[in-house]
Amino acid sequence: MNKKLIVANWKMNPVTYKEAEELFRFVEKGMRDIKNAEVVLCPPFVYLPMLARLFSKQFCAGAQNCFYEQGGAYTGEVSPLMLKDIGCKYVIVGHSERRQYFFETSEIVNKKLKAVIEAELKPILCVGEDTRDSFDSKGHWTHELDPKVKEQLVLMLNGIPKSKIGEIVIAYEPVWAIGTGKPATGDDILSAKIFIQKVISDLYGRKVSQTMRVIYGGSTDSKNAAVVMKEGQADGLLVGGASLDGEEFVRMMKCIAL
Ligand code: PGA
């Protein structure tokens, strides 16, 4: 069985390297007795080269984004090969904030996904619907109401060969749950996971869909992490806000992966 995957997405925080290194060292110390999880820390790009030196095997560096070309005249961008070179292992692609603020479409995410795979990095591919309307009045997930997750997956995975699908971690991140303090319920997550597996199964066959890791992100903290993981049968978590509080993040890791 795969170890649980816990990904910390610091987003555009903290604002000084000093704070970043303090937080990093606190988390690194706190996770020394954690055996049952692989922890990925995704700091802002500028801190990555400094922090990447300090990572260990079970604790590794990830990026929050990248460009879809490996090099060239693309002012302000960072390529997957550059990330690979400094020791990154994972890259988050298609986060909803990239869609919202930087107008990333599923077609752009598809190009990024290909570039990340080409550089032999592991993509954490985000999918999620915008509103909770895709759950019916009884709180059940209704695929027909919001075909967005399927549409995103089909477009983002376009042209990705079956042999590479096992490299991808899917992060189910309903936009309505991100940063709202209202996480999806275990039921929501489990139905979404089954739905995602069905889409993958239709595209690549059942075997592939069953081995693919599906993690959850959206308002997780130390109080709900265990329930989310257990009831939602998530293979891990993508943590935003709570990962900026060292004590809280260590508590989260301990309650799900000791
Ligand atoms: P949140 O963010 O944990 O603050 O809701 C999750 C994410 O955006 O990945």
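## A walk through the model

Start by selecting Ile 92, which is buried, with a relative accessible area of 1%. What you have open is a predicted model, so treat each stop as a look at a prediction. Ile 92 belongs to strand 4, which runs over residues 88–93. Now add Gly 62 to the selection: 30 residues separate Gly 62 from Ile 92 along the chain, yet their C-alpha atoms are 7.4 Å apart.

**Zoom out**

Show the whole protein as a cartoon. You can count 11 helices and eight strands. The radius of gyration is 17 Å, close to the 18 Å that the globule rule gives for 258 residues, so the protein is as compact as a globular protein of that length. Turn the model along its principal axes and the C-alpha atoms fill a box of roughly 50 × 45 × 35 Å. Of the 258 residues, 52% are buried.

**The ligand**

Next, select the ligand and the residues around it. There are 13 of them, and the closest are Lys 11, His 95, Glu 173, Gly 179 and Ser 219. By type, this shell divides into four nonpolar, seven polar and two charged residues.

Which residue offers a side-chain N or O atom 2.7 Å from an oxygen atom of the ligand? Click on His 95 and you have found it. Move on to Ser 219, where a polar backbone atom is 2.7 Å from a ligand oxygen. Then pick Gly 240: one of its backbone N or O atoms lies 2.9 Å from an oxygen atom of the ligand. Switch on a surface here, since the protein covers 95% of the 280 Å² of accessible area that the ligand has on its own.

**The loop after strand 1**

Stay with Lys 11, one of the closest residues to the ligand. Lys 11 sits in the loop between strand 1 and helix 1 and is partly exposed, with a relative accessible area of 21%. Look at its backbone too: phi is positive, about 55°, although Lys 11 is not a glycine. Most residues other than glycine have a negative phi, and most peptide bonds are trans.

The loop holds another thing to look at. Select Asn 13 and Pro 14, which are joined by a cis peptide bond with omega of about -20°. Pro 14 lies in this loop, between strand 1 (4–9) and helix 1 (17–30).

**A second positive phi**

Jump to Glu 120, in the loop between helix 5 (106–118) and strand 5 (122–127). Its phi is near 60°, a positive value in a residue other than glycine. Is Glu 120 buried or exposed? At 63% relative accessibility, Glu 120 counts as exposed.

**Helix 6**

Select Leu 153 in helix 6, residues 148–156. Leu 153 is buried, with a relative accessible area of 0%. Add Ile 170, 17 residues away along the chain: the two C-alpha atoms are separated by 9.5 Å.

**Helix 8**

For the last stop, select residues 186–204, the 19 residues of helix 8. From first C-alpha to last, helix 8 reaches 26 Å, close to the 27 Å expected at 1.5 Å a residue. Color the buried residues of helix 8, among them Ile 189, Ala 192, Phe 195, Ile 196, Val 199 and Ile 200. Asp 188, Lys 193 and Gln 197 are also buried. Finish just after the helix, at Gly 205, which takes a positive phi of about 100°.

Technical notes
Residues are numbered from 1 along each chain as its sequence is written. This is a predicted model: local features need pLDDT of at least 70, side-chain atom pairs count only at pLDDT 80 or more; totals for chains, interfaces and linings use all residues. Side-chain values use heavy atoms; hydrogens and water are left out. A residue is near a molecule or strand if one of its heavy atoms lies within 4 Å of it. A polar contact is a pair of N or O atoms within 3.5 Å; within protein, one must be able to donate a hydrogen and the other to accept it, and residues adjacent in sequence count only if both atoms are side-chain atoms. Accessible areas come from the Shrake-Rupley method with a 1.4 Å probe; for residues, only the protein chains shown count as cover. Ala, Val, Leu, Ile, Met, Phe, Trp, Tyr, Cys and Pro count as nonpolar, Asp, Glu, Lys and Arg as charged, and the others, Gly among them, as polar. Helices (H or I, at least four residues) and strands (E, at least two) are DSSP runs, numbered from the N terminus. The expected span of a helix is 1.5 Å times one less than its number of residues. Buried means under 20% relative accessible area, exposed over 50%, partly exposed in between (1.4 Å probe, protein chains only). The radius of gyration is taken over C-alpha atoms; the globule rule is 2.2 Å times the number of residues to the power 0.38.
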